[in-house]
Amino acid sequence: MASPPAIELIACGVPAAMCEVARQSLSRLTSGRRGALRIALFDGDNADFDALLTNPISAALDVACLSARHALPLRPDVLVWRLATRTALKIDGANAFTKALICRQPRLAPIEGKIAMALQEAIGNAVLHGNLDLKTAQRGNLEGLVEFAAEMERRTAEPAYAFRPVTVGAKTCGDRMVIWVDDCGRGFTPVAPRDIILSAGGGNGLAMIRACCQDLAIRRGGRRTVMAFALPR
């Protein structure tokens, strides 16, 4: 049986007592995995995400949604960022994660804009339609848009929704960077990527993602968006 990996915790504004609780949770999440892991713990209310993600870490985890109920793909060669829904709504997570990837893989710099745009759409979908379970159709007119905003505010105030995790991960696979975004929603039945097209009626997030990346796949019953970007030469 493989030994649990060595875990080095970096506390970014997180109290020591909370770090110890997190260490116990992580020991269950990482059981059976190999290699040393350097993990940053942060509080989504006051973290400097640009500085946090550019550290040489395997993962950055929001203590607000650290739970053994949600598996984590923790490995030294994978960058993972898990943040609570309420945190994802407050920050520009797409640009922060994109900058972190370019620090690790400078060849991505020429396509920084495409990665950030695809990530913005994927994270937005994961938060709004996944974890908050809000429907795009609600925004078809002004009245629906007002109702959508009110319902989003209400659900964000409820811990059952606000602390659901969004997980962003990335790994270099040969000549491609593969990035994925997971949510904890109900999921959906996706259409084939070739059938995803822009429409005048809204709901164009997947079409915009497809236009930005080399390959797009929807997995885990609609709860995971996987995007592949060719590394520029």
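## Close-up views of a predicted model

**View 1. The buried residues of helix 6 are Gly 144, Phe 148, Glu 151 and Arg 155.** Seen down the helix axis, these buried residues fall within an arc of 70 degrees, so they line one face of helix 6. The model shown here, and in every view below, is predicted. Exposed residues lie on the other side of the helix: Leu 142, Glu 143, Val 146 and Glu 153.

**View 2. Helix 6 spans 21 Å from its first C-alpha to its last.** The helix has 15 residues. At 1.5 Å a residue, the expected reach is 21 Å, and the model comes close to that value. Residues 142–156 make up this helix.

**View 3. Leu 142, Leu 145 and Val 146 make a nonpolar surface patch.** The patch covers about 300 Å². One of its members, Leu 142, belongs to helix 6. Leu 142 has 65% relative accessibility, so it counts as exposed, the cut-off being over 50%. Val 146 is exposed too, on the side of helix 6 away from the buried residues.

**View 4. Asp 133 has a positive phi without being a glycine.** Its phi is about 55 degrees. Asp 133 sits in the loop that runs between helix 5 (112–131) and helix 6. Is this loop residue buried or exposed? Asp 133 is buried, because its relative accessible area is 12% and the limit for burial is under 20%.

**View 5. Side chains alternate along strand 7.** This strand holds residues 215–219. Leu 216 and Ile 218 point to one face, and both are buried. Asp 215, Ala 217 and Arg 219 point to the other face and are not buried. In a regular strand, side chains alternate between the two faces of the sheet.

**View 6. Strand 7 and strand 8 run antiparallel.** How many bridges join strand 7 to strand 8? There are 5 bridges. Strand 8 takes in residues 224–230. Across the pair, Asp 215 stands opposite Ala 228 of strand 8.

**View 7. Arg 220 takes a positive phi in the hairpin of strand 7 and strand 8.** The hairpin has 4 residues between its strands. Arg 220 lies in this loop. Its phi is about 50 degrees, although Arg 220 is not a glycine. Arg 220 counts as exposed because its relative accessibility is 54%. By contrast, the other positive-phi residue shown above, Asp 133, is buried.

How values were computed:
Residues numbered from 1 in each chain as written. Predicted model: local features only at pLDDT ≥ 70, side-chain atom pairs only at ≥ 80, totals over all residues. Heavy atoms only, no water. Patch = residues over 30% accessible without salt bridge, like charges linked within 9 Å, V, L, I, M, F, W, Y side chains within 5 Å. Areas by Shrake-Rupley, 256 points an atom, 1.4 Å probe, with all protein chains shown as cover. Salt bridge = Lys/Arg side-chain N within 4 Å of Asp/Glu carboxyl O. Helix = DSSP H or I, 4+ residues; strand = E, 2+ residues; numbered from the N terminus. Buried < 20%, exposed > 50% of the residue type's maximum accessible area, 1.4 Å probe, protein only. Pairing = 2+ DSSP bridges. Expected span 1.5 Å × (residues − 1). Arc of directions from axis to C-beta.
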